[in-house]
Amino acid sequence: GIYSDISDLPTTNYDFIVVGGGTAGPAVANRLSQNSQFQVLLVEAGPSNEDVLPAKVPGLMLEMFSGPYEWNYTTIPQPTMGQRSLPYLRGYILGGCSAHNSMFWSRGTIEDWDRWANVTEDPSWSWQNVLPVMLKNEHWSEPADRHNQTGEFDPAIHGFHGIVGASLPGYPTELDSRVIQTTQELDEFPYIIDYNSGTPIGLAWYQGSVKNGARSSAATAYLAPQYLQRSNLHVLVNTRVTRVLPASSGTKDFRIVELGKDASSLAQLTASKEVILSAGAINSPQILLHSGIGDVADLQSLGITALHSLPSVGKNFTDQPYITPVWSTNSSKPPLNTTAALEEWQQNRTGPYTMSPTASNHIAFLRLPDNSTIFETNVDPAAGPNTPHMELTPLDNGGLNSPSNGTFVSMGITFLTPTSRGTVTINSTNPFDPPIIDMNLLASDFDIFTFRESLKASQRFFSAPAWSDFIIESVQPPANTTTDNDLDEFLRQNSIPSSHACGTCAMSADDAQYGVVNSDLRVKGVTGLRVVDASVMPFVPAGHLQVPVYVIAEKAAEMIKSDWTTTY
Ligand SMILES: Cc1cc2nc3c(=O)[nH]c(=O)nc-3n(C[C@H](O)[C@H](O)[C@H](O)COP(=O)(O)OP(=O)(O)OC[C@H]3O[C@@H](n4cnc5c(N)ncnc54)[C@H](O)[C@@H]3O)c2cc1C
């Protein structure tokens, strides 16, 4: 069941306490509680997702981006992005970011996963070994409009009996036929049947975490009513975990969580087996730092007693820059009637609100040409030659900065393989204070070069004959923005993060001198504590993060179960 106060919990005896009911947390708690011998507590800072309409209706996604279901974080000023301080979106609700993301469903590449296996020296992370985990998580579903899916995805590589819903777009846009025509006109954008094959280069139909027209989140899927009925699974919402503490002083056996609604009402609960941190790539390192696990000098300078030295906590922050350039069109399509769209969704679960406004019906994954000048001075940071550097998603709206008068298209551009790294740190001893987020995006030559090339690729895309009677001109950047310097300035002034934060508690080989967790996700050098969320990714996958997060969670649950059910 779901409880909203510690005093309401039916017990205080738990085998496992999972911290963070976001994307990974519900998956871990669900799988662990499959074993009726395990008492499992899942603690979430935000409220329950039940009855939160914008968390269900894909078309209402933007309503989730500020207000009660957001942590409302802001980065420190970013010198590489025009000195702007930018919102850093994080879901504050059961389901976490999976309850308000754009629902793109993407696995990363074969080479991405094989690189994780290589750096951790653990072959269980290779593509071949995680593919069954992806199929176990995925519940491929019919698109909302029940259109014929043949030729738009490859059924041989999908899971039909998993938990989280995934489907093709459920509502056509006026761009669809021109997008497909572009794949026939320009060799640079070849049509492929399915980008989730592990070799995604080309343009394919979008796949999103949507089932029967509604968002499928970790909360709607892994915490569905039939699972919440388990007597050994308790979910505590509206409660913040502030620190993890050793079970007895002087040891490094971190099995106590300190938690409460505010600094004056803190309690402690002990997990008899393990604590699992799934608070996400911003908050998992924050909790570790407040617990005295991190860079010793940094902790001491704040007056926090360092209990365990792990200098990599909060370092290696990785995210992918995103921008939506805009073109004016001569479309005569009337503006979206939002009232009618919501009514249709509520009556039939169909119509334009089955898609998020930042999602596209198509995705192109592309590489820089092999002879790009940047490779004369830079090693290719992609995981391999079949891994894309950029993602383009044609949008039938003006994107995030749409001008108000006129009709527009835009291109969602994500630069996938950044070399720049940032940090998550703290500057206060109060765990209720926000952490300091320094993204440091676009800080390298490779990154700005490739982001600029992604913008140029989107300009070539919309210059195909397929668009000649539709697109009028580029309005953002203005059509006369042609020099590389001016394009770079446009990118630095207008791009935002993809909200794909990862790497801040990165996995590494067991004997590595860096990293925060081993390949079994145990925090290095301590007992009783694992981290299971996007923060453990050693490199960002060339795609979106929710599927890899589910894989991390499913694999963690398998490892934890096997560690605690050994029969002698
Ligand atoms: C706006 C946006 C759009 C995105 N679009 C996509 C997309 O289209 N496709 C895709 O695949 N990925 C997308 N992503 C990324 C993806 O959703 C995330 O990477 C992923 O969901 C992160 O999962 P997580 O479990 O690591 O963290 P989260 O989902 O953030 O879960 C962490 C949870 O812990 C809770 N928590 C934090 N601190 C505490 C604490 N101290 N005590 C208790 N609870 C705590 C949080 O409230 C949250 O519920 C997007 C992300 C955002 C923000």
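Select C97 and the ligand: a backbone N or O atom of C97 sits 2.9 Å from an oxygen atom of the ligand. Keep in mind that this is a predicted model.

Next, add G91, where a polar backbone atom is 3.3 Å from an oxygen atom of the ligand. Then add A45; here the partner on the ligand is a nitrogen atom, 3.1 Å from a backbone N or O atom of A45.

Now show the surface of the ligand. On its own the ligand has 1,000 Å² of accessible area, and the protein covers 98% of that.

Switch to the elements that line the ligand. Those giving two or more residues to the shell are β12 (240-245), α7 (280-290) and α12 (546-564). Colour α7 separately, since this helix gives the most to the shell, with 3 residues.

Expand the selection to the whole shell of 39 residues around the ligand, and label T23, E44, F104, V241 and Q546, which come nearest. Colouring the shell by residue class gives 17 nonpolar, 18 polar and 4 charged residues.

Finish with a pair of helices. Hide the shell and select α1 (residues 24-32) together with α12. Two packed helices are described by the angle between their axes and the distance between the axes. The axes of α1 and α12 come within 8 Å and cross at roughly 30°. Angles under 35 degrees count as roughly parallel, so α1 and α12 are roughly parallel to each other. Rotate the view to look through one helix onto the other: α1 passes α12 in a right-handed crossing.

Key. Residues are numbered from 1 along each chain as its sequence is written. This is a predicted model: local features need pLDDT of at least 70, side-chain atom pairs count only at pLDDT 80 or more; totals for chains, interfaces and linings use all residues. Side-chain values use heavy atoms; hydrogens and water are left out. A residue is near a molecule or strand if one of its heavy atoms lies within 4 Å of it. A polar contact is a pair of N or O atoms within 3.5 Å; within protein, one must be able to donate a hydrogen and the other to accept it, and residues adjacent in sequence count only if both atoms are side-chain atoms. Accessible areas come from the Shrake-Rupley method with a 1.4 Å probe; for residues, only the protein chains shown count as cover. Helices (H or I, at least four residues) and strands (E, at least two) are DSSP runs, numbered from the N terminus. Ala, Val, Leu, Ile, Met, Phe, Trp, Tyr, Cys and Pro count as nonpolar, Asp, Glu, Lys and Arg as charged, and the others, Gly among them, as polar. Axes are lines fitted to C-alpha atoms, for helices over the stretch in contact, and angles run from 0 to 180 degrees between N-to-C directions. Angles under 35 degrees count as roughly parallel, over 145 as roughly antiparallel, 65 to 115 as roughly perpendicular and the rest as oblique. A crossing is left-handed if the near helix is turned anticlockwise from the far one by less than a right angle, and right-handed if clockwise.
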